[in-house]
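Me: Could you walk me through how to read a few features of a structure like this one? I would like the general idea, then the case at hand.

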Amino acid sequence: MVAISALPYEYELPASSHVALVVIDMQRDFMELGGFGDALGNDVGRLQAIVPTLQQLMAGFRELGLPIIHTLECHLPDLSDCPPAKLKRGKGAMTIGDQGPMGRILVKGEAGNGIIPELAPLPGEFVIHKPGKGAFYATEMATILQEHNITHLLITGVTTEVCVQTTMREANDRGYECLMVEDCTESYFPEFKASTLEMVRAQGGIVGWTATAAQCLEGLRAWKGAALVS
Ligand code: C5J
C-alpha cells in the first residue's frame, strides 16, 4: 500500500483511490490590497507566502494527470445568493457588495473576485463559485466528486480556519478521506492556522490528516508509479 507520510499517521492511497486537489478561494479579494480581507482590516501579505509552494503542488497534479478543483467565494450582483448572516456580519470599512478599488467586493465577475493570475485554472479544470464558506453549500461540488469517483481530497487555499476548514469538515462528513496541505494554506492569524492543523488531526485524525506539499508529491508520485507497473 502506497501512502503519504502525514500526521497523525500515514495517509493511505489504495490502488483504487481517486485523488483530487481542492484549491480554496485563492482570489484577489483575499490576497490583495483593496479586497475583502483587506477591507476587514487584515494583513493580506501573509497569504502571498504560500503561492510558490501551491504552484509546485498544482504543477505536480497536472504532471500526474490528476484533477484540480478551484473555488471562488462570490455572490450574484444583487447578493440574492448571500446567506443573510454574511451580510449582517463582517462589517469593516467596506463589506460584501460595496465598491472597492478592484470592483464590488466578493461579487462574481469583478476584477478583485478573480483567482490570482499565478494560480489561474487551466482549461478543463473545475471552477466552483460558492456563496458560503464551505465548497459543498449551494454548489455542484458533490456532483463533480461523485461523477469522477473521487475518494481522496488534498485541500489547500485560504483562509485555513474559515473556508478551508469548513470545506474539509463538509467533505469528511460526506465520507471523503481528507488531507490539509499545511504549507499550501494560510490564515491572517498564525495562531488560528496552527490550531486548525492541530484540531483536524487530533484524536486520531478526527477530521483527517495534515502533510507538507513535498510529502504529498512524493506519495502521489509513488502511487502513480505503482499503478503504472501493476
Ligand atoms: C473568509 C475564506 N475568510 N475564503 N473566506 O471570509 O476563508
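Me: Let's start with cysteine 216: does it count as buried or exposed?

Reply: In this predicted model, cysteine 216 counts as buried, because its relative accessibility is 0% and the cut-off for buried is under 20%. Cysteine 74 is buried too, at 2%.

Me: How many disulfides does a search of the whole structure find?

Reply: Zero. The general idea is to look for two cysteine sulfur atoms within 2.5 Å. For cysteine 216, the closest cysteine sulfur belongs to cysteine 184 and is 7.7 Å away, so the gap is too far for a bond. For cysteine 74, the closest is in cysteine 82, at 11 Å, again too far.

Me: And where is glutamate 125 found?

Reply: Look in the loop between strand E6 (103–104) and strand E7 (126–130). Glutamate 125 is buried, with a relative accessible area of 17%. Setting aside neighbours within four places in sequence, its contacts are Arg62, Ile68 and His70.

Me: Now pockets, please. What does rolling a probe over the atoms show?

Reply: A probe the size of a water molecule, rolled over the atoms, shows where empty space is left. Here the largest pocket holds about 320 Å³ of space. Its lining has 21 residues, with Phe36, Leu40, Lys133, Thr159 and Val162 nearest the centre. Helices H2 (36–39), H5 (84–88) and H7 (160–173) are the elements that each give two or more residues to that lining, and H7 gives the most, three.

Me: Which classes of residue make up the lining of the largest pocket?

Reply: Eleven are nonpolar, four polar and six charged.

Terms used:
Residues numbered from 1 in each chain as written. Predicted model: local features only at pLDDT ≥ 70, side-chain atom pairs only at ≥ 80, totals over all residues. Heavy atoms only, no water. Buried < 20%, exposed > 50% of the residue type's maximum accessible area, 1.4 Å probe, protein only. Helix = DSSP H or I, 4+ residues; strand = E, 2+ residues; numbered from the N terminus. Contact = heavy atoms within 4.5 Å. 1 Å grid on protein atoms, 1.4 Å probe; cavity = no way out; pocket = protein on both sides within 12 Å on 5 of 7 lines; lining within 4 Å. Points joined across faces, edges and corners; volume = space filled by probe spheres on them. Nonpolar A, V, L, I, M, F, W, Y, C, P; charged D, E, K, R; others polar.
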